[in-house]
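Please look over the sequence and the model shown below, and keep both in view while reading. The report that follows takes up the ligand, a few single residues and one helix in turn.

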Amino acid sequence: MKILLLGKSGQVGWELQRSLASLGSVIALDRQPSLGLNGDLTNLEALAATVGALKPDVIVNAAAYTAVDKAESEEALATRINAEAPGVLARQAAAIGAWLIHYSTDYVFDGSGETPWPEEAPTNPLSVYGRTKRDGETAIANSGALTIVLRTSWVYATRGQNFAKTMLRLAKERDSLNVVADQFGAPTGAELIADVTACIIRQIFSLADASHLAGTYHIAAAGETSWHGYAQFVLTYASSQGCTLKVPAEQVGAIRTEDYPAPALRPRNSRLNLAKLEKAFNLKMPPWQQGVQRMLDEIQL
Ligand code: NDP
């Protein structure tokens with residue numbers, strides 16, 4: 001199997017390089033041109049030409065414009081990368097009979113209510129980022145290609161910066177720490193997303209006709225918490241491992257979204273219903289604490 005991976009250096013892309021390797025030959029690109037191939041999602045013509053030249057069996061698109069607040073002032077660029085480029089990839093996939101695996105976000109929803117969002121719930125993004133990701137989904141759906149769109153939430157990876165590392169640093173440096181307590185979701189490891197992606201591809205290609213599996217799925221770790229609960233979990237675990245903190249978990253202040261203003265609005269309810277994914281691919285998502293604890297075991301506490 002030939003797989004074209006875009007966005008190889010991002011949180012999910014990096015983990016995909018590992019998890020896709022066992023499936024076949026992976027051509028992994030980032031935005032830098034490589035061997036005459038283009039993985040820059042702003043260059044739509046060269047992107048289409050790259051897919052046409054490689055003719056992969058599967059395109060996995062982990063590249064995205066993910067700077068949620070900056071997107072408010074860079075709408076054209078975010079639209080190009082999150083909406084137009086996925087449309088190009090999907091139309092090219094349709095032309096060569098390839099599958100497209102693409103990632104989207106809980107930010108396509110407005111965050112109302114308290115129950116986990118099912119895939120078919122109406123989208124109503126609150127931010128430019130959310131709108132561009134929703135428009136990417138629409139472009140893909142209109143392409144006629146066989147596609148899997150995986151909507152996820154609150155992604156972290158061991159590599160690079162993440163919320164847990166920031167909380168640890170602040171709890172060591174500062175005398176007090178306040179964290180938003182009225183947004184709910186599930187921290188989801190890039191490693192889990194990559195492993196599930198590989199599992200999906202394996203299942204699709206084990207069937208003579210997997211077209212009934214095409215569609216949108218929600219993928220996240222199981223369970224839920226708030227950013228405040230997430231921070232407390234991280235600090236409690238760090239303390240249990242002997243890490244000295246100026247702000248212990250029980251002293252982290254709980255604040256409202258309004259108390260932490262940011263350019264882009266965030267959904268309060270980012271809970272995702274996982275039933276469709278678990279049933280279709282015979283999977284059971286692990287509790288969010290499991291992956292976070294593993295990540296904490298891997299970093300310097
Ligand atoms: P990252 O920001 O870690 O990675 C995105 C990657 O896309 C980066 O490597 C970035 O490269 C690359 N990229 C940006 N612009 C371009 C471009 N013009 N051409 C090619 N590559 C480009 O994101 P994640 O791995 O966390 O996200 C993966 C997917 O999951 C995305 O679709 C995202 O929307 C979705 N998602 C993420 C969430 C999160 O919390 N992070 C939550 C929900 C969904 P560079 O580093 O050079 O900019």
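Helices, which are H or I runs of at least four residues, and strands, which are E runs of at least two, are taken from DSSP and numbered from the N terminus. With that naming in hand, Thr123 can be placed in the loop between β4 and α4. The model is a predicted one.

## The ligand and its shell

The ligand is surrounded by 23 residues, and the closest are Arg31, Leu41, Thr66, Tyr129 and Lys133. Sorted by kind, the residues of this shell comprise 10 nonpolar, 10 polar and three charged. Three elements, α1 (11-20), β4 (99-105) and α4 (128-141), each contribute at least two residues to the shell, and the largest share, three residues, comes from β4.

Backbone atoms also approach the ligand. A backbone N or O atom of Leu41 lies 2.9 Å from a nitrogen atom of the ligand, while a backbone N or O atom of Ala64 is 3.1 Å from a ligand oxygen atom, and a backbone N or O atom of Val155 is 3.0 Å from an oxygen atom of the ligand. Of the 890 Å² that the ligand exposes when taken alone, the protein buries 80%.

## The loop between β4 and α4

Two residues of this loop are described here, beginning with Thr123. Is Thr123 buried, exposed or partly exposed? Its relative accessibility is 27%, and because this value falls between the limits for buried and exposed, Thr123 counts as partly exposed. Leaving out residues up to four places away in sequence, Thr123 touches Val108, Phe109, Arg134 and Arg151. Thr123 and Asn43 are 80 residues apart in sequence, and their C-alpha atoms are 28 Å apart in space.

Trp117 is also found in the loop between β4 and α4, and at 11% relative accessibility Trp117 counts as buried. When neighbours within four places in sequence are set aside, its contacts are Phe109, Asp110, Gly111, Ser112, His218, Asn269, Arg271, Leu272 and Asn273. With one of these residues, Asn269, there is a particular pairing of atoms, in which the backbone oxygen of Asn269 lies 2.8 Å from a polar atom of the Trp117 side chain. Trp117 and Ser9 are 108 residues apart in sequence and, from C-alpha to C-alpha, 29 Å apart in space.

## Thr188 and its surroundings

Thr188 has its place in strand β9 (residues 188-189). With a relative accessibility of 0%, Thr188 counts as buried, because buried means under 20%. Its contacts, apart from neighbours within four places in sequence, are Thr152, Ser153, Trp154, Val155, Tyr156, Ile193, Ile219, Ala220 and Ala221. The side chain of Thr188 reaches the backbone nitrogen of Ala221 at a distance of 3.1 Å.

## Two residues with positive phi

Most residues other than glycine have a negative phi. Against that background, Trp154 deserves a look, since it is not a glycine and yet has a positive phi of about 45°. Trp154 is found in the loop between β5 (146-152) and β6 (155-156), and at 9% relative accessibility Trp154 counts as buried.

Asn282, which is not a glycine either, has a positive phi of about 55°. Asn282 lies in the loop between α8 (275-280) and α9 (288-298). Is Asn282 buried or exposed? Asn282 is exposed, because its relative accessible area is 72% and exposed means over 50%.

## Helix α5

In helix α5 (residues 163-173), the buried residues are Ala164, Met167, Leu168, Leu170 and Ala171. An α-helix has 3.6 residues a turn, so residues three or four places apart point the same way. The cover over the buried residues of α5 includes β7 (178-180), α7 (227-240) and α9. At the start of α5, a side-chain oxygen of Asn162 comes to within 3.0 Å of the backbone nitrogen of Ala164.

## Cysteines and disulfides

How many disulfides does a search of the whole structure find? The search finds zero disulfides. Cys199 is buried, with a relative accessible area of 19%, and Cys243 is buried as well, with a relative accessible area of 12%.

Methods: Residues are numbered from 1 along each chain as its sequence is written. This is a predicted model: local features need pLDDT of at least 70, side-chain atom pairs count only at pLDDT 80 or more; totals for chains, interfaces and linings use all residues. Side-chain values use heavy atoms; hydrogens and water are left out. A residue is near a molecule or strand if one of its heavy atoms lies within 4 Å of it. A polar contact is a pair of N or O atoms within 3.5 Å; within protein, one must be able to donate a hydrogen and the other to accept it, and residues adjacent in sequence count only if both atoms are side-chain atoms. Accessible areas come from the Shrake-Rupley method with a 1.4 Å probe; for residues, only the protein chains shown count as cover. Ala, Val, Leu, Ile, Met, Phe, Trp, Tyr, Cys and Pro count as nonpolar, Asp, Glu, Lys and Arg as charged, and the others, Gly among them, as polar. Buried means under 20% relative accessible area, exposed over 50%, partly exposed in between (1.4 Å probe, protein chains only). Contact means heavy atoms within 4.5 Å. A disulfide is a pair of cysteine sulfur atoms within 2.5 Å.
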